[in-house]
Amino acid sequence: MTRGRFVTFEGGEGTGKSTQARRLAERLRAERGVAVVVTREPGGSPKAEAIRKVLLSGRAEAFGPTGEALLFAAARIDHLDVTIRPALSRGEWVVCDRFADSTRAYQGVLGSLDPELIASLERVAVGKTRPDLTLVMDLPAEIGLARAEARRGREAADRFEREGLATHKALRRAFLDIAAREPERCAVIDAGMSPEAVAEAVWAAVEARLPSARPEPKPSTEASS
Ligand code: Z5A
């Protein structure tokens, strides 16, 4: 059986990753007829969801930036083992809301972690299961934060949402840097358009980078004279 495709959404807060991950999955099912697993990080498996709670509550901050990065990696190992690799082996597509680029960006920016340490953790946690396509959702940090705040309502901000505007601007740059370094894997999407227009841009990137397997043209049955 052919391995499925692995697509990740990355970018700052409130850039529409969850919205677009859901929309892409629906369109893949409808237009390509493929089975799709929609998942997220941190989380995506029971043990990783438990780690997510600790990370977003801010309780893991006491371990310092390296400790937090190790917890993200531990969650990722379980998520890959339990959810992502089995789905890909079944020939399904996996659409994941955040993945290893978020560790590069967030732990790189927030903890000033050595990129070599982050790369080593990525090698250990991710191994060969790299995304086939990463959609980097790009939006001015002010707009993303305003969207996230409006959606949150009266709920308290989590450990990462509490970071200031300067940090969120640095995160935007970090994601754009990743896309510039790996243009064959990453497509930058203007996330400032309407949800419908963003969905079209996402679909165009998927069609261009991961075209559906077209059937071989049938050999002509006409006798050649
Ligand atoms: N983190 C990390 O540090 N290291 C790691 O390795 C990983 C993660 C994997 C997870 O938070 C946090 O963990 C994350 C980084 C850190 N921190 N932050 N901040 P999360 O999963 O809870 O949150 P998030 O990933 O940042 O997602 P989000 O804030 O929920 O935003 P989103 O998924 O990008 O957007 P959305 O939920 O689709 O949309 C947000 C709102 O905007 C919503 O009301 C939508 O209806 C609206 N929206 C969406 N699209 C549009 C458009 N096009 N126009 C107008 N309004 C829109």
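An oxygen atom of the ligand lies 3.0 Å from a polar backbone atom of G16, and this distance, like every other value here, was computed from a predicted model. Next to G16 in the sequence, K17 brings a polar side-chain atom to 2.6 Å from an oxygen atom of the ligand. Taken alone, the ligand would expose 1100 Å², and the protein buries 84% of that area. The points below look first at the surroundings of the ligand and then at some details of the backbone.

**Contacts and position of the ligand**

- Besides the contacts made through oxygen atoms of the ligand, a nitrogen atom of the ligand is found 3.4 Å from an N or O atom in the side chain of E13.
- The ligand sits in the largest pocket of the model.
- The ligand is surrounded by 24 residues, and the closest of them are S18, T19, R98, T103 and R151.

**Where the shell around the ligand comes from**

- Sorted by class, the residues of this shell comprise 7 that are nonpolar, 9 that are polar and 8 that are charged.
- At least two residues of the shell are supplied by each of the helices α1 (17–32), α2 (46–57), α3 (64–89), α4 (100–111) and α6 (141–152).
- The largest share comes from α4, which gives 4 residues to the shell.

**R98, a residue beside the ligand with a positive phi**

- R98, which is one of the closest residues to the ligand, is placed in the loop between the strand β3 (93–97) and the helix α4.
- Most residues other than glycine have a negative phi, whereas the phi of R98 is near 75°, a positive value in a residue that is not glycine.
- R98 counts as buried because its relative accessibility is 14%, and the cut-off for buried is under 20%.

**S112, a second positive phi**

- S112 also has a positive phi, of about 45°, although S112 is not a glycine, and its place is in the loop between α4 and α5 (115–126).
- S112 counts as exposed because its relative accessibility is 61%, and the cut-off for exposed is over 50%.

**A cis peptide bond**

- Most peptide bonds are trans.
- The bond that joins E41 and P42, however, is a cis peptide bond, with an omega of about -10°.
- P42 is located in the loop between the strand β2 (36–40) and the helix α2, and α2 is itself among the helices that supply at least two residues of the shell around the ligand.

Notes: Residues are numbered from 1 along each chain as its sequence is written. This is a predicted model: local features need pLDDT of at least 70, side-chain atom pairs count only at pLDDT 80 or more; totals for chains, interfaces and linings use all residues. Side-chain values use heavy atoms; hydrogens and water are left out. A residue is near a molecule or strand if one of its heavy atoms lies within 4 Å of it. A polar contact is a pair of N or O atoms within 3.5 Å; within protein, one must be able to donate a hydrogen and the other to accept it, and residues adjacent in sequence count only if both atoms are side-chain atoms. Accessible areas come from the Shrake-Rupley method with a 1.4 Å probe; for residues, only the protein chains shown count as cover. On a 1 Å grid over the protein atoms alone, a cavity is a set of points where a 1.4 Å probe fits but cannot get out, and a pocket is an open set with protein on both sides within 12 Å along at least five of seven lines; lining residues have an atom within 4 Å of a point. A molecule sits in a cavity or pocket if more than half of its atoms lie within 2 Å of its grid points. Ala, Val, Leu, Ile, Met, Phe, Trp, Tyr, Cys and Pro count as nonpolar, Asp, Glu, Lys and Arg as charged, and the others, Gly among them, as polar. Buried means under 20% relative accessible area, exposed over 50%, partly exposed in between (1.4 Å probe, protein chains only).
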